[in-house]
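Subject: Structure for your review

Dear colleague,

Please find below the structure that I am handing over to you. My notes on it follow, beginning with the chain as a whole and then turning to individual elements and residues.

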Amino acid sequence: MSNGKIFLVGLGPGSESHMSIRAREAIAQSDTIIGYSTYIKLVKDLIDGKEVIRKGMTEELDRCYEALERAQQGKIVALVSSGDTGIYGMAGPTYEVLLQAGWKPGNGIEVEVVPGSSAINSCAALVGAPLTHDFCSISLSDLLTPWPVIARRLEAAARADFVVALYNPKSGRRTQQIVEAQRIMLLHRRADTPVALVKSAYRPRQNIQFTTLEHMADHDIGMLTTVLIGNSNTFLREGLMVTPRGYANKYETMRGEVLSGEQAGRSLSMGLLGWKSYVRGYLRDNPEVTLNEVARHFDAPVGEILAAIAEANSDDDAGIYQAIAAAPSQQDKALELARQWGKLRGVARSSNDAVVEMLFSGADLERKGERLNVINDHFHLHIPWHKVHQAWFTGRDNMLHGVYFLDEQRTPVFSLLLRTLDRPFDREALAQHIELIECPPVLAVAEAANDE
Ligand SMILES: C[S@@+](CC[C@H](N)C(=O)[O-])C[C@H]1O[C@@H](n2cnc3c(N)ncnc32)[C@H](O)[C@@H]1O
């Protein structure tokens with residue numbers, strides 16, 4: 001390949017003052033400018049005397065091939081995108097076309113990506129500070145992405161309490177995606193969650209509307225709108241949408257004292273090193289609560305709650321609970337052990353938290369291929385044994401309570417609980433039959449002070 005160059009240029013939101021100096025230089029140095037006609041209009045003052053190739057919305061790949069052809073002829077080409085070229089822009093498809101054509105970095109055509117302010121940054125700047133905590137962007141365009149993929153991402157983002165920016169929310173033909181996105185977000189977010197609808201940011205027709213998740217789809221949303229949906233802490237005040245950084249978790253007020261139990265410059269008491277102690281305190285205060293209820297309370301997998309219990313010591317116990325983990329790959333041995341416990345209660349849950357409890361004897365458990373079965377006149381129980389990754393023994397009031405079989409996500413596949421708690425919870429006794437592990441070592445306490 002010859003020595004042409006392709007600039008992949010992000011133009012920013014659309015006003016001259018928000019375009020980077022490097023973007024201007026790239027356009028000035030180029031022989032050919034290629035882009036969607038709307039974006040070419042954004043740089044009309046910079047393209048006098050240059051070859052200009054205007055392409056329509058659906059001709060993205062054509063733009064890449066045109067750029068490649070010109071660069072192969074030794075020309076300098078600027079392929080322009082609005083916002084940032086690497087965010088739903090031309091950078092990805094161009095690299096895909098180049099790599100498919102056998103191009104490699106350093107052999108022939110030079111490629112430079114020139115970053116720009118993406119719609120998410122520009123729209124956020126216009127409405128306040130909605131992105132000051134974790135956020136993500138999701139495009140509602142199903143032109144190239146199957147809807148189930150988009151729906152799964154919406155659900156995950158909503159559940160994980162990200163601030164969410166929706167790109168490509170609506171077009172003339174795609175009108176229902178935003179309604180469906182709203183429905184999915186409402187499964188996990190309050191109806192009054194603040195939402196900002198920013199249209200044509202930093203362009204002549206700029207328009208900003210504030211609304212709530214419950215009402216967002218009733219508003220005017222179009223091709224040039226970015227939808228910003230707050231997280232559970234985002235608030236709207238004095239016409240500003242703000243997502244707190246989290247100072248309230250540590251300080252009484254923004255200039256106030258550090259809250260009791262917290263330290264300036266250190267992780268929160270509910271940080272990585274501290275939160276399991278908090279779980280143990282919760283278990284001490286709520287002795288009647290089940291492990292599944294605790295897991296739901298902390299929105300954590302049951303395996304994390306068991307690890308918190310296993311790390312207990314005499315100053316910081318877990319109330320009536322005890323736990324010990326079997327070493328990896330010891331689940332077959334753990335099952336063998338449980339088969340000898342006599343009368344058992346087998347507990348399995350559906351993904352919707354329907355609970356099935358069955359009474360049988362340990363000897364009734366039968367392995368068949370990837371399944372663990374209990375088959376009798378009253379029920380057929382089939383457990384996907386291949387999903388079991390780890391076994392945890394649990395105790396209550398120092399009596400053996402049962403064994404939890406967890407999957408890779410540390411969620412129970414099923415558990416076998418003794419119907420009568422008549423054996424001591426004895427580490428030494430268990431260790432005679434099965435290899436156990438110490439609970440995960442507590443991380444080194446020497447934590448670097450926060451550098452922010
Ligand atoms: C194909 S994506 C291009 C994104 C672009 N590369 C970026 O980084 O901003 C088009 C979507 O970006 C958003 N968008 C682009 N420019 C915008 C602007 N000036 N104001 C609001 N949203 C904008 C809209 O959601 C639009 O549907």
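The protein chain contains 12 helices and 23 strands. Please bear in mind throughout that this is a predicted model.

**The chain as a whole**

The C-alpha trace of the protein chain spans about 90 × 55 × 45 Å along its principal axes. Its radius of gyration is 29 Å, whereas a compact globule of 452 residues would have one near 22 Å. Of those 452 residues, 45% count as buried. The area that the protein chain exposes comes to about 23,900 Å², and carbon and sulfur atoms supply 49% of it.

As regards contacts, I considered those between residues at least 6 apart in sequence; 62% of them join residues at least 24 apart. The chain carries 47 positive and 56 negative side chains, and 5 Å separates the centres of the two sets.

**Helices α8, α9 and α10**

Helix α10 covers residues 302–310, and 9 of its 9 residues are buried, so the helix is largely enclosed by the rest of the structure. The residues concerned are V302, G303, E304, I305, L306, A307, A308, I309 and A310. What covers them? The cover over the buried residues of α10 includes the helices α8 and α9, together with the strands β14 (321–326), β20, β21 and β22 (412–418).

Helix α9, one of the elements that cover α10, runs through residues 291–298, and its buried residues are L291, N292, V294, A295 and F298. Viewed down the axis of α9, these buried residues fall within an arc of 160°, so they line one face of the helix. A general point may help here: an α-helix has 3.6 residues a turn, so residues three or four places apart point the same way. After α9 comes D299, which has a positive phi, near 50°.

Helix α8, which also contributes to the cover of α10, comprises residues 275–285 and includes R280. Is R280 buried or exposed? Its relative accessibility is 6%, and R280 therefore counts as buried, the limit being under 20%. Leaving aside neighbours within four places in sequence, R280 is in contact with A308, E311, A312, D316, D317 and A318. Of these contacts, A308 is one of the buried residues of α10.

S277 lies in helix α8 as well. At 29% relative accessibility, S277 counts as partly exposed. The C-alpha atoms of S277 and F210 are 41 Å apart, and 67 residues separate the two along the chain.

**Two loop residues with positive phi**

E238 is a residue other than glycine with a positive phi, near 50°. Its place is the loop between β12 (235–237) and β13 (240–242). With a relative accessibility of 76%, E238 counts as exposed.

D397, likewise not a glycine, has a positive phi near 50°. It is found in the loop between β20 (390–396) and β21 (399–406). Those two strands are among the elements that cover the buried residues of α10. D397 itself is exposed, its relative accessible area being 53%.

**T243 and D134**

T243 sits in the loop between β13 and α8. Although it is a loop residue, T243 counts as buried, at 2% relative accessibility. Which residues is T243 in contact with, leaving aside its neighbours within four places in sequence? They are A129, P130, L131, T132, H133, V163, N231 and T234. From T243 to A156, 87 residues away along the chain, the C-alpha separation is 19 Å.

D134 belongs to the loop between β6 (128–129) and β7 (135–139). Its relative accessible area is 48%, and D134 is partly exposed. Not counting residues up to four places away in sequence, D134 touches F162 and V163. V163 also appears among the contacts of T243. Between D134 and G256 there are 25 Å from C-alpha to C-alpha, and the two are 122 residues apart in sequence.

**Where to begin**

When you open the model, I would suggest looking at α10 and the elements that cover it, including α8 and α9. The loop that holds T243 and the loop that holds D134 could follow.

With kind regards

Key
Residues are numbered from 1 along each chain as its sequence is written. This is a predicted model: local features need pLDDT of at least 70, side-chain atom pairs count only at pLDDT 80 or more; totals for chains, interfaces and linings use all residues. Side-chain values use heavy atoms; hydrogens and water are left out. Helices (H or I, at least four residues) and strands (E, at least two) are DSSP runs, numbered from the N terminus. The radius of gyration is taken over C-alpha atoms; the globule rule is 2.2 Å times the number of residues to the power 0.38. Buried means under 20% relative accessible area, exposed over 50%, partly exposed in between (1.4 Å probe, protein chains only). Contact means heavy atoms within 4.5 Å. Accessible areas come from the Shrake-Rupley method with a 1.4 Å probe; for residues, only the protein chains shown count as cover. Lys and Arg count as positive and Asp and Glu as negative; His and the chain ends are not counted. The place of a charge is taken as NZ of Lys, CZ of Arg, CG of Asp or CD of Glu. The arc is that of the directions from the helix axis to the C-beta atoms.
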